[in-house]
Amino acid sequence: MSIERLGIVGSGIMGAGIAEVAAKAGIEVVLRSRKQETADAMVAALEKSLGKQVEKGRIEETAAKEVLSRVSAHHDLHALANCDLVLESVVEDLDVKKDLFSRLGDVVSDTTILATNTSTLPVVELATTVENPDRVCGIHFFNPAPAMALVEIIRPITASDATIEAATAFAQACGKTTVEVQDRAGFIVNALLFPYLNNAVRMLENGTASREDIDAAMKGGCNFPMGPLALLDLVGLDTSLSILDALYAEFRDPNYAAMPTLRRLVAAGQLGRKSGRGFYDY
Ligand SMILES: NC(=O)c1ccc[n+]([C@@H]2O[C@H](COP(=O)([O-])OP(=O)(O)OC[C@H]3O[C@@H](n4cnc5c(N)ncnc54)[C@H](O)[C@@H]3O)[C@@H](O)[C@H]2O)c1
């Protein structure tokens, strides 16, 4: 099954990035946000981003217009009815995602693939909220979606081979490299990445080094493009905390037990880049 019409639910960092990637790959994109203004703002942001890419000579003006013409914005869930694939990218909260999946199941056709961009949550729990759970899987893009090469394809025990094949073909059509992974919290990348990020916060708490020196050390010493504290700010501290909590709930490994500073920053509404303040000010 080839994906010609993609629905995206959620207008945050990831939803916007995935919309750009898919529209550039020639796929029709139906964006759905709870508020029409937010959905419209995503299209306006995409138009601005494409305008900048035209100025820099990265894309032809006619191609940019075609990309934009493939994207529509809606607040009504029923706008997703004719999609071949709906990928949700709303807040990392199992109850919110379960509720959304069960409502999506009532709106789309029996053959529509339903996927989640969750970073850690059990995909099987979303699958069991819909009829035909064999058509549910995880399609995990990375941040920023237009720049990052990888997509993890998550196979819950309920998924059919056809669903996994279609999801893999979709991600590859978007120009991404895919890996397949079982439905375990954190999949491959976040299960390995987050103990490192969390231990960077521990090091900051212990006063071992300043935030600037921790970040500079990992950039210069490991050739990482950014340091761990700057990366947490990019991911979003609320999303990072949810990821650690889900990893800890699954594995009970102390390396996944979120450091108090992270929890306090989130409680204070300092969520990283998206709120203008986190470990750094923006
Ligand atoms: N930020 C990252 O680096 C990253 C990377 C890969 C995957 N993800 C995953 O993508 C998903 C979205 O993350 P994001 O970084 O785009 O988050 P975000 O905070 O930027 O956006 C969250 C979106 O969820 C919506 N939302 C909030 N509460 C809701 C509710 N009760 N019902 C419906 N929608 C609600 C918000 O309006 C917003 O559109 C999460 O599952 C996250 O784990 C994030």
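This passage describes the pockets, the ligand surroundings and two backbone features of a predicted model.

The largest pocket has a volume of about 1200 Å³. Its lining comprises 45 residues, and those closest to the pocket centre are Ile13, Met14, Asn143, Val235 and Thr239. Six elements each give two or more residues to this lining: the helices α1 (13-24), α4 (94-107), α7 (189-206), α9 (228-235) and α10 (237-251), together with the strand β6 (136-141). Sorted by class, the lining of the largest pocket holds 23 nonpolar, 13 polar and nine charged residues.

The ligand occupies the largest pocket. Elements that contribute two or more residues to the shell around the ligand are α1, α4 and β6. This shell consists of 21 residues, of which Ser11, Glu92, Lys97, Ser119 and Val235 are the closest to the ligand. Val235 is also among the residues closest to the centre of the largest pocket. In terms of class, the shell around the ligand contains seven nonpolar, ten polar and four charged residues.

Polar contacts to oxygen atoms of the ligand come from both backbone and side-chain atoms of the protein. In the side chain of Glu92, a polar atom lies 2.6 Å from a ligand oxygen atom. The side chain of Lys274 places an N or O atom 2.9 Å from an oxygen atom of the ligand. For Gly12, the contact is made by a backbone N or O atom, at 3.2 Å from an oxygen atom of the ligand. The ligand taken alone exposes 830 Å², and the protein buries 82% of that area.

The second largest pocket contains about 450 Å³ of space. It is lined by 21 residues, and Gly12, Ile13, Ala16, Gly17 and Pro144 lie nearest its centre. Gly12 is thus listed here and also has a backbone atom in contact with the ligand. Ile13 likewise appears among the residues nearest the centre of the second largest pocket and among those closest to the centre of the largest pocket. Both α1 and α2 (36-55) supply at least two residues of the second lining; α1 gives the most, with six residues. By class, the lining of the second largest pocket has 14 nonpolar, four polar and three charged residues.

Two backbone features were also noted. Most residues other than glycine have a negative phi, and most peptide bonds are trans. The peptide bond between Asn143 and Pro144 is cis, with omega about 0°. Pro144 belongs to the loop between β6 and β7 (150-155). Asn143 is one of the residues closest to the centre of the largest pocket, whereas Pro144 is one of those nearest the centre of the second largest pocket. Asn132, a residue other than glycine, has a positive phi near 55°. Asn132 is located in the loop between α5 (123-127) and β6.

Methods:
Residues are numbered from 1 along each chain as its sequence is written. This is a predicted model: local features need pLDDT of at least 70, side-chain atom pairs count only at pLDDT 80 or more; totals for chains, interfaces and linings use all residues. Side-chain values use heavy atoms; hydrogens and water are left out. On a 1 Å grid over the protein atoms alone, a cavity is a set of points where a 1.4 Å probe fits but cannot get out, and a pocket is an open set with protein on both sides within 12 Å along at least five of seven lines; lining residues have an atom within 4 Å of a point. Grid points are joined across faces, edges and corners, and a volume is the space filled by probe spheres set on the points. Helices (H or I, at least four residues) and strands (E, at least two) are DSSP runs, numbered from the N terminus. Ala, Val, Leu, Ile, Met, Phe, Trp, Tyr, Cys and Pro count as nonpolar, Asp, Glu, Lys and Arg as charged, and the others, Gly among them, as polar. A residue is near a molecule or strand if one of its heavy atoms lies within 4 Å of it. A polar contact is a pair of N or O atoms within 3.5 Å; within protein, one must be able to donate a hydrogen and the other to accept it, and residues adjacent in sequence count only if both atoms are side-chain atoms. Accessible areas come from the Shrake-Rupley method with a 1.4 Å probe; for residues, only the protein chains shown count as cover. A molecule sits in a cavity or pocket if more than half of its atoms lie within 2 Å of its grid points.
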